[in-house]
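Subject: Structure for you to look at

Hello,

Here is the structure you will be working with. Please open it beside the sequence; my notes on what turned up in it follow below.

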Amino acid sequence: MALTMKERQAVLKETATRYRRATKKEKGKILDEMEALLKLNRCYLAYALRNYNRKLILPGTNTVFMAGKTKRRQKPKYYGEKVAMALEFIWHLLDFPCGRRLAPYLKEIIPVLERCGELNLDKETKEKLFKISAATIDRILSPIKKDKAIKPKTYTKKASLLKSQIAVRTFADWDDLKPGFIEVDLVAHDGGNASGEFCQTLDATCVATCWTETIAVKNKARRWVFEAIKEIRRRFPFPIQGIDSDNGGEFINSHLAKYCENNKIAFTRSRPYRKNDNCYVEQKNYSVVRKAVGYMRYDTEEELMLLNELYVILRLYTNFFQPTMKLVEKIRTGSKVTKKYDRAKTPYQRVLDSSIEQEDKKRLKEQYATLNPVALKDEITRLQNQLIKSVAQKMRKQRSLPPNDLEYILCEATRG
């Protein structure tokens with residue numbers, strides 16, 4: 001039975017010292033034994049045993065290696081500590097994007113941070129950051145990345161027979177080039193307890209530009225959802241041309257249908273039990289809403305106000321400073337699926353590249369020039385801490401917990 005590579009290396013290691021100390025006649029006997037045992041060339045065995053753990057130069061080359069020992073080639077790091085520190089700061093600021101999203105956006109965000117006085121880089125570090133690849137970013141940041149578990153829930157209820165009058169649209173039917181067609185969905189903040197009333201977040205995403213608006217409502221009653229949709233329409237930086245929802249009764253109702261008809265807005269719905277039809281907004285339910293407010297239960301007026309106060313700041317942070325990638329091609333070869341994405345851009349950049357009115361673009365540019373991403377992130381963090389504190393105080397009252405049992409409260413409040 002042939003020996004494995006590790007077993008051969010172990011035999012060579014044990015025999016090398018004895019071989020070097022042996023006489024010429026003894027070395028011949030050792031080589032005979034090794035040749036029969038390892039089934040290797042005799043000349044190679046003599047070479048390996050004679051030079052084990054010594055620096056060698058391969059014949060005809062300048063390659064230096066340690067015989068019998070694997071040693072990585074040492075070379076100075078091109079992207080040093082300054083680049084790593086700047087990357088970590090920007091990565092935290094932008095809410096932990098992957099390398100493919102972050103790499104093309106560095107040329108945009110670094111001048112903004114320098115303009116706001118939040119980042120001061122020397123010329124060499126800045127040049128390195130401008131040409132760093134996505135794979136290198138992931139490699140540098142890999143030691144500090146942490147995984148987070150996701151446990152999604154759904155509380156969509158069936159709508160009335162009105163849905164038979166509303167056209168069905170699938171994800172493949174969208175025109176990705178024309179802004180103004182949005183998908184809407186509700187995100188439940190029940191904290192794992194579906195009893196009673198609790199807040200919901202109305203999430204609306206433009207298919208073409210990825211522009212996202214969020215508003216919290218006290219429950220999923222048609223009245224509050226309808227008012228939130230009208231408010232979202234006012235917040236979008238361009239006219240809404242179409243609304244696509246799931247089949248829940250909070251969307252499929254005569255009030256919203258008539259509103260869309262009067263305002264010449266196309267109103268469509270997805271197929272039942274086909275979440276992929278609303279894929280553009282479904283992915284924002286986590287990347288925007290869940291990452292910002294977590295999986296806690298929000299059911300008080302104070303928490304509703306805090307959520308909406310947070311969303312006012314979050315919309316600026318998400319749409320102006322969060323680069324996204326859109327799927328442009330998917331090829332299936334047998335069981336293998338190959339996906340290709342476009343270059344990462346923020347929704348703000350996608351809006352400027354779109355065909356909306358120049359006046360709307362000018363207004364967005366003026367607003368962008370006044371924003372400080374670090375200040376926005378600090379305000380978001382402050383409001384998030386207030387939400388956690390509000391939930392913690394509520395849990396103390398409900399469960400009669402001691403005031404110093406914060407570890408238990410935060411663990412229970414943020415579980416997902």
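**Aromatic rings**

Ring pairs link five side chains into a cluster: Trp211, Phe320, Phe321, Tyr348 and Tyr368. Please keep in mind that this is a predicted model.

In total, the structure holds 9 aromatic pairs. One of them joins Trp91 and Phe96, whose ring centres are 4.9 Å apart; their planes meet at 65 degrees, so the pair is edge-to-face, the cut-off for that label being over 60 degrees. The two partners can also be described by their exposure. Trp91 is buried, at 5% relative accessible area, whereas Phe96 is partly exposed, at 32%.

Two lysines lie over tyrosine rings. Lys27 is over the face of Tyr19, at 5.2 Å from the ring centre. Lys128 is placed over the face of Tyr78, with a distance of 4.6 Å to the ring centre.

**Cysteines**

How many disulfides does a search of the whole structure find? The result is 0. For Cys210, the nearest cysteine sulfur belongs to Cys206 and is 7.7 Å away. A disulfide needs the two sulfur atoms within 2.5 Å, so a distance of 7.7 Å rules out this pair. Cys210 is buried, with a relative accessible area of 6%. Cys98, on the other hand, is partly exposed, at 33% relative accessibility.

**Strands β7 and β8, with helix α10**

Strand β7 covers residues 242-245 and strand β8 covers residues 266-269; the two run parallel and are joined by 4 bridges. Within this pairing, Ile243 stands opposite Phe267 of β8. Helix α10, residues 254-262, completes a β-α-β unit with β7 and β8, and this unit is right-handed.

Which residues of α10 are buried? They include Leu256, Tyr259 and Cys260. These three span an arc of only 95 degrees around the axis, and therefore lie on the same side of α10. The spacing fits the general rule: an α-helix has 3.6 residues a turn, so residues three or four places apart point the same way. The other side of α10 carries Lys258, Glu261 and Asn262, which are exposed.

If you want a place to begin, I suggest going through the sections in the order above, with the structure open.

Regards

How values were computed. Residues are numbered from 1 along each chain as its sequence is written. This is a predicted model: local features need pLDDT of at least 70, side-chain atom pairs count only at pLDDT 80 or more; totals for chains, interfaces and linings use all residues. Side-chain values use heavy atoms; hydrogens and water are left out. Rings of Phe, Tyr and Trp (its six-membered ring) pair if their centres lie within 6.5 Å; planes under 30 degrees apart count as stacked, over 60 as edge-to-face and the rest as tilted. Buried means under 20% relative accessible area, exposed over 50%, partly exposed in between (1.4 Å probe, protein chains only). A charge sits over a ring if NZ of Lys or CZ of Arg is within 6 Å of the ring centre and within 35 degrees of the ring normal. Two strands pair if DSSP finds at least two bridges between them. A crossover is right-handed if, with the strands pointing away from the viewer, the path from the first strand over the helix to the second runs clockwise. The arc is that of the directions from the helix axis to the C-beta atoms.
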